[in-house]
Amino acid sequence: METITLVIPAINCNHCIMTVKRESGFVDGAEFVSGDVEGKTATFQVASAAALESLKTALAEAGYPVAA
């Protein structure tokens with residue numbers, strides 16, 4: 001597993017963090033580690049590049065696209 005931190009500009013509050021955490025739970029090979037409202041980031045452990053891409057897709061579909 002690799003630990004990665006993603007910038008997610010749509011994070012504005014702890015509810016946003018909870019949503020990001022919930023959505024990541026539906027992605028095989030991805031685990032939510034922590035979130036930072038002030039930094040607009042979320043840290044995950046991912047098992048593979050495919051899991052990372054699935055995570056990014058799931059977050060975008062939930063309204064939390066990852067910054068490029």
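Two strands are taken to pair if DSSP finds at least two bridges between them, and helices (H or I, at least four residues) and strands (E, at least two) are DSSP runs numbered from the N terminus. The structure is a predicted model, in which local features need pLDDT of at least 70 and side-chain atom pairs count only at pLDDT 80 or more, while totals for chains, interfaces and linings use all residues. Residues are numbered from 1 along each chain as its sequence is written, and side-chain values use heavy atoms, with hydrogens and water left out.

In the hairpin formed by S2 and S3, four residues lie between the strands, and Lys-40 adopts a positive phi near 55°. The two strands of this hairpin run antiparallel and are joined by six bridges; Asp-36 stands opposite Thr-41 in S3. Gly-39 is also located in the loop between S2 and S3. With a relative accessibility of 35%, Gly-39 counts as partly exposed (buried means under 20% relative accessible area, exposed over 50%, and partly exposed in between, with a 1.4 Å probe and protein chains only). The C-alpha atoms of Gly-39 and Ile-8 lie 8.9 Å apart in space, although the two residues are separated by 31 positions in sequence.

The hairpin belongs to an open sheet of three strands, with the order S1-S3-S2 and antiparallel pairing. Strand S1 (2-7) and strand S2 (30-36) are at the edges and have a single partner strand each, so one side of each is left without a neighbour in the sheet. On average, neighbouring strands of this sheet are turned by 25° against each other, direction ignored. The antiparallel pairing of S1 with strand S3 (residues 41-46) extends over six bridges, and Glu-2 stands opposite Val-46 in S3.

Two helices lie across strands of the sheet. Axes are lines fitted to C-alpha atoms, for helices over the stretch in contact, and angles run from 0 to 180 degrees between N-to-C directions; contact means heavy atoms within 4.5 Å. Helix H1 (residues 14-24) lies across S2 and S3 and runs at about 170° to S2. Helix H2 (residues 49-61) lies across S1, S2 and S3, at about 30° to S1.

A nonpolar core is a set of buried Ala, Val, Leu, Ile, Met, Phe, Trp, Tyr and Cys residues joined through side-chain atoms within 4.5 Å. The largest such core comprises 18 residues, and those with the most contacts inside it are Leu-6, Ile-8, Val-20, Phe-44, Leu-55 and Leu-59. At least two residues of this core come from each of S1, H1, S2, S3 and H2, with H2 giving the most, four residues. Beyond residues up to four places away in sequence, Ile-8 touches Val-20, Lys-40, Ala-42, Leu-59, Tyr-64, Pro-65 and Val-66.

One aromatic pair is present in the structure (ring centres of Phe, Tyr and Trp, the last by its six-membered ring, within 6.5 Å; planes under 30 degrees apart count as stacked, over 60 as edge-to-face and the rest as tilted). The ring centres of Phe-32 and Phe-44 are 5.8 Å apart and the planes stand at 75°, so the pair is edge-to-face. Phe-32 in strand S2 and Phe-44 in strand S3 are 12 residues apart, and both Phe-32 and Phe-44 are buried.

Both rings also adjoin a polar residue: Ser-24 touches Ala-30, Phe-32, Phe-44 and Leu-55, not counting residues up to four places away in sequence. Ser-24 is placed in helix H1 and counts as buried at 1% relative accessibility.
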